[in-house]
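Please have a look at the sequence and the structure below. The report after them starts with one turn and then works outward to the rest of the chain.

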Amino acid sequence: QAAELTGVFVWKFGVTLSFNNQPLTITVESNAEFRTQGRTEIYNQEVIVAFGARMLSLVGRNVVNVAVADKTVALTFDEGSMLTLRPDATGYESYIVNLPDGSVFVG
């Protein structure tokens with residue numbers, strides 16, 4: 001089943017993405033890389049609110065692929081853009097994935 005981006009919640013230090021109006025969320029606090037139409041945008045902690053604004057344009061879009069490798073998560077959306085989340089080199093959490101079954105994945 002495709003995961004539709006149904007919500008974007010933005011606050012000063014992060015952005016939470018919700019899918020299918022279910023308890024599946026990804027909270028991003030830093031190190032978000034957004035690729036679209038051949039351009040790559042990097043969002044660190046200082047500009048995370050701008051990342052939230054960027055993600056609003058994808059509300060209603062479906063995630064067609066999820067790749068996880070070595071704590072890096074890459075989501076590909078149906079219109080071709082890709083969101084990549086990487087752990088922060090400082091050891092702080094960059095992102096948190098909360099799965100519907102209650103499990104949590106931190107990077």
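## A turn and its surroundings

D70 sits in the loop between β6 and β7. Bear in mind as you read that this is a predicted model. The backbone of D70 has a positive phi of about 50°, although D70 is not a glycine. As background, most residues other than glycine have a negative phi. Is D70 buried or exposed? With a relative accessible area of 74%, D70 is exposed, because values over 50% count as exposed.

K71 lies in the loop between β6 and β7 as well. Phi of K71 is also positive, near 65°, and K71 is a residue other than glycine. The relative accessibility of K71 is 44%, so K71 counts as partly exposed. D70 belongs to the turn of a hairpin that β6 and β7 form with two residues between them.

### The strands on either side

How many bridges hold β6 and β7 together? The two strands pair in the antiparallel sense over six bridges, with β7 covering residues 72–77. One position to look at is V66, whose bridge partner in β7 is L75.

L75 itself is found in strand β7. The relative accessible area of L75 is 4%, so L75 is buried. Which residues surround L75, leaving aside its neighbours within four places in sequence? L75 is in contact with F19, I26, V63, N65, V66, S81, M82 and L83. The bridge partner V66 is thus named again here, among the contacts of L75. For V63, another residue in that list, the C-alpha atom is separated from that of L75 by 6.4 Å, with the two positions 12 residues apart along the chain as a sequence separation.

A67 lies in strand β6. The relative accessible area of A67 is 36%, so A67 is partly exposed. Leaving aside neighbours within four places in sequence, A67 is in contact with T72, V73 and A74. A67 and T84 are 17 residues apart in sequence, and their C-alpha atoms are 9.2 Å apart in space.

β6 has a further partner: strand β1 (residues 3–11) pairs with strand β6 (residues 62–69) in the antiparallel sense over two bridges. In this pairing, A3 has V63 in β6 as its bridge partner. V63 is also one of the residues in contact with L75.

### A second hairpin

Let us move to β4 and β5. Strand β4 (residues 32–36) and strand β5 (residues 39–43) pair in the antiparallel sense over five bridges. They form a hairpin with two residues between them, and Q37 in the turn has a positive phi of about 50°. A32 stands opposite Y43 in β5. Y43 and A32 are 11 residues apart in sequence and 5.1 Å apart in space, C-alpha to C-alpha.

Is Y43 buried or exposed? Y43, found in strand β5, has a relative accessible area of 10%, so Y43 is buried. Apart from its neighbours within four places in sequence, Y43 is in contact with S30, N31, A32, F34, I48, A50, F51 and R54.

Here are the relative accessible areas of the residues discussed:

| Residue | Relative accessible area | Class |
|---|---|---|
| D70 | 74% | exposed |
| K71 | 44% | partly exposed |
| A67 | 36% | partly exposed |
| Y43 | 10% | buried |
| L75 | 4% | buried |

### The whole chain

Stepping back, the protein has one helix and 10 strands. From the N terminus on, the order of elements is β-β-β-β-β-α-β-β-β-β-β. The radius of gyration is 13 Å, close to the 13 Å that the globule rule gives for 107 residues, so the protein is as compact as a globular protein of that length. Along the principal axes, the C-alpha atoms fill a box of roughly 35 × 35 × 25 Å.

Of the 107 residues, 39% count as buried. Among contacts between residues at least 6 apart in sequence, 40% join residues at least 24 apart. The accessible surface comes to about 5,900 Å², and 54% of that belongs to carbon and sulfur atoms. As for charge, there are 7 positive and 11 negative side chains, and the centres of the two sets lie 6 Å apart.

How values were computed: Residues are numbered from 1 along each chain as its sequence is written. This is a predicted model: local features need pLDDT of at least 70, side-chain atom pairs count only at pLDDT 80 or more; totals for chains, interfaces and linings use all residues. Side-chain values use heavy atoms; hydrogens and water are left out. Helices (H or I, at least four residues) and strands (E, at least two) are DSSP runs, numbered from the N terminus. The radius of gyration is taken over C-alpha atoms; the globule rule is 2.2 Å times the number of residues to the power 0.38. Buried means under 20% relative accessible area, exposed over 50%, partly exposed in between (1.4 Å probe, protein chains only). Contact means heavy atoms within 4.5 Å. Accessible areas come from the Shrake-Rupley method with a 1.4 Å probe; for residues, only the protein chains shown count as cover. Lys and Arg count as positive and Asp and Glu as negative; His and the chain ends are not counted. The place of a charge is taken as NZ of Lys, CZ of Arg, CG of Asp or CD of Glu. Two strands pair if DSSP finds at least two bridges between them.
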